[in-house]
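Subject: Structure handover

Hi,

Here is the structure I promised to pass on. My notes on what turned up follow below.

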Amino acid sequence: MSGKRSRTAWAATLLTAVVSAAGALTGTTAQALDGDAAATGASSFTAKIDIGDGTRACTGTLINNQWMITAASCFADDPAQATSLPAGAPKLKSTATIGRTDLTTTTGEVRDITQLIPRTDRDLVLAKLSAPVYGLSFLHPATAAPVTGEALKGAGYGRTKDTWVPDTLHTAAFTTGAVETTALAIDGTPVCKGDTGAPVFRERNGRPELAAIATNSWQGGCLGTDETRTGAVASRVDDIRAWITENTASTLNTWNLQMVTETSTGLYHGMRNSNGDWTGFADVEKVAGSVTDVAYAADAAIKGKNYIFAVGGDSHLYMAARRATGGWDAFKDMNATLGAKTGLTRVAVTSTGPGLALVGLAGGKVYHATMDADETWSKWADASAKLGALANATQLTVSQTTGGNTNVGIVAGGKAYHGQRHEDGTWSAWGNVTQFAPGIGTVNGMAFAGIGEELQVVLTSTTGLNEHGIRDAEGHWSDFASLGTKLGSDTAVSVDAAAVSGEFQAAIVTTDGKIKHTLRHANGKWDAPEQVGGIPGTPATVALTGSAG
């Protein structure tokens, strides 16, 4: 880039090694990253932005189904005055091509950009797409700033050392320099014309997170310049997570996905907001009291109150609750209330609307109990007497569907079974679900989520073949389909699912202790799988529920 920029306080310290975007944005392109060509399908969160039918070209980053983040200078009449960009529709017709590593292909999605929400303290803007995109990965904002000397990565579509307008996405490697209040310096791969707004990210435990957005550079090593300096400036995003969430969260959906996981260091709770971003994970036992040697946990919500059940090392069942206001009711021993069940190893719970339905696995038998609206519980009842006895039972799941039917699932002898408790209290016996997934092999996990009259199901196997199927209101099962491109092909040691605002969400814990999540929208389209970050310790189990607020 050429020319000096002095519109913010950080410019005086950081731009001793770079120049401003003002000179670079003359002509028909902005700036880009000159690195290696990206592998097909890699960094599918990256977008090629066209402004004014070729007047400018930039790069953006998908942060949820309908919002990107990029540089405000891409849309400003005078890029040197990026912080003065007005909110609203772009002045020039602007489109984003997202998830298309090779621009000569038709993969990915193309959307118009309909709304801009700029920052006033840095070269940064949120850009809304005309319609949601599906099947592409998001890049969530980092929770902490990079430190000097830290290795970072980047991706962009712009000019390289030998190509004026490349057709492929290129990757970059950077080292962090000075870190200021709103920006940071980066150096390494040349940042060239064609890619203002490129994502600068890092990987933590195999999961990428967005650290900053590239804005200005020297352009050393780029085609058409004799400059040798490769330093650049990027606008930070880690310190404005709340602003991003506030402006990109759905106004039509205030529901969250709540997750509980038992890890090598304790029991933790976190949430996925309606904009797709995850909160931090908090230590449940610090706020609700400790449970000795938690063996398993489950949760379900009623009117925003999330009830968490934990099986202790003593086979007692404990219950705590996270109130809608965020406070907690402490764990209490439920054995006196429900009756003791020696050898209790698994529990699953679901909302029935006004109350809860709880199932437990003890001594090879399935037990059932209910809580009504005033939190009065029934005693454990032997459901196996109604459903039938199954040997070698290992896993358990439960979910409610419209009409008051409680669907119970069990994995026994490497096969999956479904039974049902009807609204009148009668039961339907076990049916073999595995017959509808003939290629799955040995089943080691099953999870239910009721969405209206449908029961949606995930099956996992010992070979890593994970599948999804649906049982309709008449009791007919669809053939199960592979979740290889939707949840990955990792072997799962734990699985759960939940209905959240009419959408099906599922998560697994892999054998190497990572939690992977996916979402099926009401229109049947899936999001790309993502690894959930920020969880202390190594996860062993996962439990999901949806709640308002």
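How many of the residues of strand 14 (residues 232-236) are buried? The answer is 5 of the 5, so strand 14 is largely enclosed by the rest of the structure. Please keep in mind that this is a predicted model.

Strand 14 has partners. Strand 10 (residues 183-188) runs antiparallel to strand 14, and 4 bridges join them. Within that pair, L184 has A234 as its bridge partner. Strand 13 (residues 207-217) also pairs with strand 14, again in the antiparallel sense, over 5 bridges. There, N216 has V233 as its bridge partner. As background, strands of a sheet pair through backbone hydrogen bonds, either parallel or antiparallel.

The barrel

Now to the barrel. It is closed by 6 strands, in the order 2-3-4-7-6-5, with antiparallel pairing. On average, neighbouring strands of this sheet are turned by 40 degrees against each other, direction ignored. One of the pairings is between strand 2 (residues 46-51) and strand 5 (residues 94-98), which are antiparallel over 5 bridges. In this pairing, I51 stands opposite S94 of strand 5.

I49 also belongs to strand 2. Is I49 buried or exposed? I49 is buried, because its relative accessibility is 0% and buried means under 20%. Beyond its neighbours within four places in sequence, I49 is in contact with ten residues' worth of surroundings that include R56, A57, C58, M68, F75, T95 and I113. For a sense of scale, the C-alpha atoms of I49 and L459 are separated by 39 Å, and the two residues are 410 residues apart along the chain.

Helix 3 and the cavity

Helix 3 (residues 241-248) lies across four strands of note: strand 3 (56-64), strand 4 (67-70), strand 6 (109-118) and strand 7 (125-129). Helix 3 runs at about 25 degrees to strand 7.

Helix 3 comes up again in the cavity search. Over the whole structure, 1 cavity of 30 Å³ or more was found. The largest cavity holds about 50 Å³ of space. Which elements give two or more residues to its lining? They are strand 3 and helix 3. Helix 3 supplies the largest share, with 4 residues. The lining includes I63, N64, H140, P141, R241, I244 and D277. By type, the lining divides into 3 nonpolar, 5 polar and 2 charged residues.

Strands 24, 30 and 31

H368 sits in strand 24 (residues 365-371). H368 has a relative accessible area of 6%, so it counts as buried. Not counting residues up to four places away in sequence, H368 touches A357, L358, V359, K379, W380, A381, A383, R421 and W427.

Further along is strand 30 (residues 443-451). Here 8 of the 9 residues are buried, so strand 30 is largely enclosed by the rest of the structure. Strand 30 and strand 31 (residues 454-461) run antiparallel, joined by 8 bridges. V443 stands opposite S461 in strand 31. The hairpin of strand 30 and strand 31 has 2 residues between the strands, and in it G452 takes a positive phi near 65 degrees.

Best wishes

Key. Residues are numbered from 1 along each chain as its sequence is written. This is a predicted model: local features need pLDDT of at least 70, side-chain atom pairs count only at pLDDT 80 or more; totals for chains, interfaces and linings use all residues. Side-chain values use heavy atoms; hydrogens and water are left out. Two strands pair if DSSP finds at least two bridges between them. Axes are lines fitted to C-alpha atoms, for helices over the stretch in contact, and angles run from 0 to 180 degrees between N-to-C directions. Contact means heavy atoms within 4.5 Å. On a 1 Å grid over the protein atoms alone, a cavity is a set of points where a 1.4 Å probe fits but cannot get out, and a pocket is an open set with protein on both sides within 12 Å along at least five of seven lines; lining residues have an atom within 4 Å of a point. Grid points are joined across faces, edges and corners, and a volume is the space filled by probe spheres set on the points. Ala, Val, Leu, Ile, Met, Phe, Trp, Tyr, Cys and Pro count as nonpolar, Asp, Glu, Lys and Arg as charged, and the others, Gly among them, as polar. Buried means under 20% relative accessible area, exposed over 50%, partly exposed in between (1.4 Å probe, protein chains only).
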